[in-house]
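Subject: Structure for you to look through

Dear colleague,

I am handing over the structure we spoke about, with the sequence and the coordinates shown just below. Please open it beside this email, and then read on for what was found in it.

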Amino acid sequence: MTPADIEIPITTRAWPLYRALVGLGLICALIIVSAYQLTAPVIERSKTAMLEQAIFTLLPTALSKHAYRLTAQNRFEPATDKRNSARLIYAGYDAAHRLVGFAVPARGMGYQDSIELLYAYGPEQQAIIGLQVLSSRETPGLGARIASDPAFLHNFARLDVTLTPGLHLAHPIEAVPAGKKLAAWQIDSLSGATVSSRAVAAILRQSSEFWLPLLTTRQEDFTRGAPHRDLADG
Amino acid sequence: MEHHTATSPTADDSAGDTDVFITGLWRQNPVFVQVLGMCPTLAVTNSALNGLAMGLATTFVLLMSNTLVSLLRKAIPRQVRIASYILIIATFVTAVDYIIQALSLELHKALGAFVSLIVVNCIILGRAEAFASRNSVRRSLLDALGMGLGFVFALLCLGSVREILGSGTLVGIAVLPDGFEKWVVMLLPAGGFFTLGLWLMVFKRIKREPPRATETQP
Amino acid sequence: MNETSLWSVFVNASLVNNFVLAYFLGICPFLGVSGKLATASRMGGAVTFVMIIASVCAYGIHALLLLIDAPYLQLIAYVVVIAATVQIVEMFIKKTSPTLFRALGIFLPLITTNCAILAVALFQTNRAYDFMQSIVFALGAGLGFTLALMLMAGLREKLELASVPSLVQGTIVTLISAGVLSLAFMGFAGLGA
């Protein structure tokens with residue numbers, strides 16, 4: 001049995017210190033890199049699958065999708081590096097390679113932590129036609145219901161986001177108290193989760209004010225040479 | 001870091017293996033007796049499952065870091081030991097973060113940044129310094145297992161009480177009748193403080209001896 | 001992309017989602033140092049200062065790691081840089097104010113393993129804050145932490161004179177009071193949205 005008080009080496013020279021730290025650094029690097037190498041493909045795959053599923057649920061008529069990135073010149077170009085999610089949106093196409101809608105990721109502050117959403121925009125309907133909560137850390141049983149409550153999610157089956165000729169939202173999206181929804185651009189809040197409901201409304205309002213004018217004015221970026229399904233996956 | 005050694009008396013060298021194990025699990029339960037390492041974990045105990053996941057992740061890091069620290073105990077000079085321990089712990093936390101992501105993205109999202117915060121859990125550094133740095137690998141493993149399971153037990157206690165009273169369910173299965181008015185406050189941060197306070201009270205009563213000097217513990 | 005306004009970030013970090021009362025971060029010094037009002041305010045100051053430095057460091061590290069495409073180094077880099085920063089602050093305080101150094105005692109080195117500091121770095125990365133947002137977030141978090149610490153110290157100074165049942169003395173009564181404080185802070189929910 002080892003005694004409890006093993007002499008921990010004490011040294012005054014610098015060389016053993018460097019040796020110990022560099023050696024330890026190497027061991028740690030080995031562990032981290034192998035953990036990353038082993039898990040990265042699995043994580044990548046499940047993330048892609050999750051996003052794909054969300055997009056095709058939001059755009060049920062779409063058979064293929066393609067990722068586009070907004071360039072600094074305010075144009076959309078097919079995205080090549082999909083790991084970088086900045087300024088990325090997805091366009092969905094039907095069997096005839098016609099554009100059926102966009103899936104737009106958005107994020108913002110919820111009650112306790114940030115909420116990540118994916119919403120579908122139908123250019124023909126001029127409306128948000130679906131919403132999925134990708135991640136949230138809202139309180140279980142209260143705010144977390146924004147991701148699952150059917151009545152709440154029904155708000156987004158057709159949420160009016162008509163643009164004025166000046167390319168602003170005609171009626172900014174707003175959350176109203178539960179059961180008080182009167183207009184097509186209002187969201188019935190969840191009772192008991194007003195803050196989370198309002199957060200969703202704010203995220204959608206900000207995101208749609210940014211993206212919709214661009215999506216409307218740059219339609220040709222998406223119609224020109226809509227990619228084939230076999231090219232479009234991923 | 002001397003206070004860790006001073007305030008968390010461990011099974012000394014004369015103690016048997018079972019003793020090493022039981023000490024962490026019960027006698028010196030990290031949460032209920034030593035009141036340590038709650039910061040990064042209390043926030044995710046609003047359901048039993050989240051508490052369990054967080055506890056297991058912490059146990060994994062504790063096991064690995066105790067093993068490596070114990071293996072290298074003769075190779076790490078005293079002056080750089082704390083830096084080395086932090087490096088080792090951060091390595092395993094990064095690994096566990098990726099493992100959780102690979103196992104379930106859902107779970108990873110539910111735990112959020114709090115997985116990474118395991119790195120600053122006082123228990124892990126405390127065990128590395130107070131136990132693993134001066135004991136054999138086998139005993140360090142036992143110590144980590146005891147402390148880790150003690151931690152899991154504590155988080156489960158907290159998580160299940162909060163879930164049962166707050167949402168009327170346990171691990172997602174309804175356990176209370178429909179007529180029960182849910183104590184929403186239990187799911188909120190305030191409920192975390194109350195539940196921890198109540199459990200500490202229960203433990204103090206059971207043990208019939210007040211926890212020593214919790215005042216000065218980090 | 002995160003469009004949250006600076007004011008909203010600040011209010012959120014300091015009041016709505018107070019680090020101590022909503023995230024349980026920094027409980028260790030919260031229970032340890034919140035006995036005296038004077039110590040509590042100093043500790044709060046030190047933490048706020050370190051938080052801002054940590055936030056700047058984290059912003060730089062994150063940008064650098066994105067550049068060299070090594071996300072797996074994030075945690076280690078944060079921990080090491082923050083620990084180094086704290087060491088420097090410690091040396092600085094030891095030189096300039098021995099009184100303060102004595103008052104903070106063992107808690108200064110412990111700021112290294114203070115979850116609240118690392119959490120500032122991790123949260124700002126997770127929420128994709130830009131540089132200004134990060135600084136304001138760190139400032140808000142630090143001030144919120146100080147506020148919670150000082151409120152608690154005030155409560156505990158009063159509690160010392162009250163007759164508390166022996167079963168709940170010490171940590172337990174502090175935790176229950178923290179719970180009540182946390183309830184009170186819930187009144188801020190929705191503020192600055």
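Which helix gives the most to the lining of the second largest pocket? Before the answer, please keep in mind that this is a predicted model, and that every value here is computed from it. The helix in question is α6(B), which supplies four residues to that lining.

The second largest pocket holds about 840 Å³ of space, and 31 residues line it, with A:Ser136, A:Glu138, A:Pro140, A:Ala144 and B:Ala110 lying nearest its centre. Elements from two chains take part, since at least two lining residues each come from β6 (127-135) of chain A and from α4 (48-71), α6 (105-111) and α8 (137-167) of chain B. Sorted by class, the lining of this pocket has 13 nonpolar, 11 polar and seven charged residues.

Turning to enclosed spaces, the count comes to seven cavities of 30 Å³ or more. The second largest cavity has a volume of about 100 Å³ and is lined by 14 residues, among them A:Gln112, B:Ala43, B:Asn46, B:Leu187 and B:Pro189, which lie nearest its centre. Its lining divides into eight nonpolar, three polar and three charged residues.

B:Pro189 appears again where two chains meet, as one of the residues of α9(B) that touch α10(C). The axes of helix α9 (residues 189-207) of chain B and helix α10 (residues 171-185) of chain C come within 8 Å and cross at roughly 165°. Because an angle over 145 degrees counts as roughly antiparallel, α9(B) is roughly antiparallel to α10(C), and the crossing is left-handed. On the α9(B) side the contact includes B:Phe193, B:Phe194 and B:Leu200, while on the α10(C) side it includes C:Ile172, C:Leu175 and C:Val180. By class, this contact has 13 nonpolar, four polar and one charged residues.

How do helices α5 and α7 of chain B pack, and at what angle? Helix α5 (residues 81-103) and helix α7 (residues 122-130), both of chain B, have axes 10 Å apart and pack at an angle of about 130°, which makes α5(B) oblique to α7(B). The crossing of these two helices is right-handed. Here B:Arg81, B:Ile82, B:Tyr85, B:Ile86 and B:Ile89 in α5(B) meet B:Ile124, B:Leu125, B:Ala128 and B:Glu129 in α7(B), and the residues of this contact divide into seven nonpolar, no polar and two charged.

With best wishes

Technical notes: Residues numbered from 1 in each chain as written. Chains lettered and ligands numbered in written order. Predicted model: local features only at pLDDT ≥ 70, side-chain atom pairs only at ≥ 80, totals over all residues. Heavy atoms only, no water. 1 Å grid on protein atoms, 1.4 Å probe; cavity = no way out; pocket = protein on both sides within 12 Å on 5 of 7 lines; lining within 4 Å. Points joined across faces, edges and corners; volume = space filled by probe spheres on them. Nonpolar A, V, L, I, M, F, W, Y, C, P; charged D, E, K, R; others polar. Axes fitted to C-alpha atoms, helices over the stretch in contact; angles between N-to-C directions. Parallel < 35°, antiparallel > 145°, perpendicular 65-115°, else oblique. Left-handed = near helix turned anticlockwise from the far one by under 90°. Contact = heavy atoms within 4.5 Å.
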